[in-house]
Every structure is written in structure tokens, then in C-alpha cells.
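Thanks, everyone. Let me put the model on the screen, and then we'll walk through it.

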Amino acid sequence: MRRAIAALVAVAAVGGCTVQASDGDGKGPVRVELPKSSPSSSAGAKDDQPGAEPTKAPPKVLLSPGDTGRDVRELQARLRQVAWIFEGPTGTYDGTTEEAVKGFQGKRGLPKTGETDTVTWQRLLRMTHEPGKWELYLMGGQPADKPDARCLTGRVLCISKSSRTLRWMVDGRTVTTVPVRFGSEYTPTREGVFSVYWKSRHHVSTLYDSPMPYAMFFSGGQAVHYSSDFAARGYAGASHGCVNVRDEAVIAELFDEVRDGDKVVVHW
């Protein structure tokens with residue numbers, strides 16, 4: 001019997017049990033108690049099991065509120081393609097952009113963080129096309145290209161069709177730069193060297209019966225003037241051949257500075 005008890009104790013020790021010995025005559029009961037496992041030891045054992053799935057790291061955040069730049073413009077242009085943003089890209093990750101990202105994420109079962117992470121970005125890429133330059137700069141804000149050589153002397157309205165900008169230049173120095181819009185392929189804006197021959201502050205087109213405030217005529221009926229449509233729709237529209245300016249404050253100042261006879265250069 002003593003040998004049996006000794007063997008049981010040995011087995012219990014290996015198994016992590018607690019053994020209570022019998023009475024001295026060997027007739028008492030032998031009780032084996034298993035220790036209670038703590039939650040931490042149980043959890044550790046579970047984590048150590050082969051095949052246990054590790055915790056996944058959250059996706060990397062690419063853009064977040066407060067960011068600025070070209071990448072933000074692309075995000076906004078793509079969100080505009082899927083009707084989560086209706087304004088033109090601004091290049092600033094503002095509250096409107098954050099809410100649009102949340103809406104896009106929620107619609108697709110993603111966490112509504114308002115930040116553009118790798119998962120959100122890949123989903124958006126699959127649903128949209130690469131935005132063109134004028135989708136990125138729908139409401140202006142594009143950089144101006146180098147002025148044409150014909151703009152480097154005198155007082156000149158130097159207008160680039162390539163960058164869609166107007167520079168007001170005096171003796172080779174740029175005083176003001178502003179985004180502009182041109183005519184469509186059916187009503188193109190003429191190119192070449194002209195001069196301002198008439199200014200009309202409160203002009204209304206007799207041909208189209210539309211307002212042309214701060215008009216500075218340079219070629220037939222074509223003029224540089226303020227356009228409320230350009231201000232509202234950006235490059236989604238076009239003029240009837242005039243050079244449209246969307247910033248009313250800038251065109252008002254320009255109207256006061258430009259004189260009859262000042263040069264106008266429209267170039268690519």
C-alpha cells in the first residue's frame with residue numbers, strides 16, 4: 001500500500017497536483033487536489049497554442065485633417081467622382097473632406113475614422129479614375145507657368161492657356177496672378193498680341209444678355225471680365241470666348257489699374 005501511495009504522489013507531483021497523505025495505518029483516504037488556474041495563466045496557454053491568429057495592426061494613415069497639398073487635391077477629386085464631395089478640390093483636408101471620408105467609409109463597412117488610411121485609399125482607387133489636371137484645380141489655385149517673352153516689357157495682361165492663369169505685369173515684374181477660364185472649342189479665345197481698347201465697369205453682353213462686370217475689351221467682343229458662373233462652377237464650364245476671372249476683388253482692383261492701350265498677350 002505504501003508503494004502505491006508513493007507512486008500516486010510521484011504521479012501527482014509530475015501533474016502539478018497536491019496530495020494529502022493517509023493516516024499512519026495506511027487505511028485513510030488519499031485526496032488529490034488540482035490547483036486552480038489563474039486567468040492569466042489560462043490566457044497565456046491559449047496564446048501559446050499553435051495556429052493562434054496574431055492581433056492585426058491597424059492600417060497605416062496616409063492623410064488626415066489639417067493636411068495640405070497635391071495628394072489632398074487628388075483625394076478630394078476622387079471623392080467628387082463618387083459624389084461624396086461636390087465642391088472643387090481645395091488642397092486642404094478640411095471638415096467637409098473629413099465628413100466625406102467618413103461617409104465613404106461607413107457606406108463600405110469600414111471604420112468611420114475620417115482619416116484616409118491604406119484600406120480606404122485602395123477602395124477609393126478601385127472605384128475612380130486618375131483625375132486630370134483641371135479636375136485637381138477645378139476652382140483654381142494652380143501654379144502659373146513662366147511668362148511669355150512678349151510679356152517682359154511694358155504694362156501687360158499676360159494670359160496663359162497652358163496654366164490657365166493671368167499675370168498682370170509691369171516692366172517684367174508680376175504684380176498679380178489670378179486663375180482664368182477661356183472659351184470652349186466652339187467659341188475659342190483668340191491668341192496673339194492685342195491691346196485694351198475699351199473698359200466697361202458694369203457691362204452687359206448684347207449678344208448673350210449676360211453680365212460682364214469689369215470688362216476690358218481687347219479683341220472684337222472678347223474681353224477680360226468677372227464671371228459669376230466661373231466663381232460657382234469653376235472649370236466645369238467655359239466662356240463664349242472671353243477671359244473669365246472668378247475672383248471679383250482681384251478683377252475690381254485690376255480694372256482700376258489697367259489703362260486703355262495696355263498690352264494683352266494670350267499664349268500657350
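Start with two helices. On helix 3, look at E74, L75, R78 and L79; these meet W121, L124 and L125 of helix 5. Keep in mind throughout that this is a predicted model. How do the axes of these two helices cross? Helix 3 covers residues 70-81 and helix 5 covers residues 118-127; their axes come within 10 Å and cross at roughly 55°. That angle lies between 35 and 65 degrees, so it falls in the oblique class. Helix 3 is therefore oblique to helix 5. The crossing is left-handed.

Now the sheet. Nine strands build it, and it is open. Reading across, the order is 8-13-5-6-7-12-11-10-9, with mixed pairing. Which strands sit at the edges? They are strand 8 (192-195) and strand 9 (198-204), each pairing on one side only. From one strand to the next, the twist averages 30°.

Zoom in on one edge. Strand 9 pairs with strand 10 in the antiparallel sense, over six bridges. In that pair, H203 stands opposite M212 of strand 10.

What packs on this sheet? Helix 8 does, and it touches strands 5, 6, 7, 9, 10, 11 and 12. Its direction makes about 45° with that of strand 10.

Next, the cores. The largest nonpolar core holds 23 residues. Which of them touch the most other members? L157, I159 and V224. Several elements give two or more residues to this core, among them strand 5 (155-160), strand 11 (222-226), helix 8 (248-257) and strand 13 (263-267). Helix 8 gives the most, with four residues.

Take I159 as a close-up. Set aside its neighbours within four places in sequence. I159 is then in contact with T165, L166, V180, F182, V224, V243, V264, V265, V266 and H267. So much for that core. A second core, separate from it, has twelve residues, including L75, L79, V101 and F104. We have met L75 and L79 already: they are among the helix 3 residues that meet helix 5.

Last, the whole chain. The protein chain has eight helices and 13 strands. Of its 268 residues, 37% are buried. And how far apart in sequence do contacts reach? Take contacts between residues at least 6 apart: 52% join residues at least 24 apart.

That's the tour. Over to you for discussion.

Key:
Residues numbered from 1 in each chain as written. Predicted model: local features only at pLDDT ≥ 70, side-chain atom pairs only at ≥ 80, totals over all residues. Heavy atoms only, no water. Core = buried A, V, L, I, M, F, W, Y, C linked by side-chain atoms within 4.5 Å. Buried < 20%, exposed > 50% of the residue type's maximum accessible area, 1.4 Å probe, protein only. Contact = heavy atoms within 4.5 Å. Pairing = 2+ DSSP bridges. Axes fitted to C-alpha atoms, helices over the stretch in contact; angles between N-to-C directions. Parallel < 35°, antiparallel > 145°, perpendicular 65-115°, else oblique. Left-handed = near helix turned anticlockwise from the far one by under 90°.
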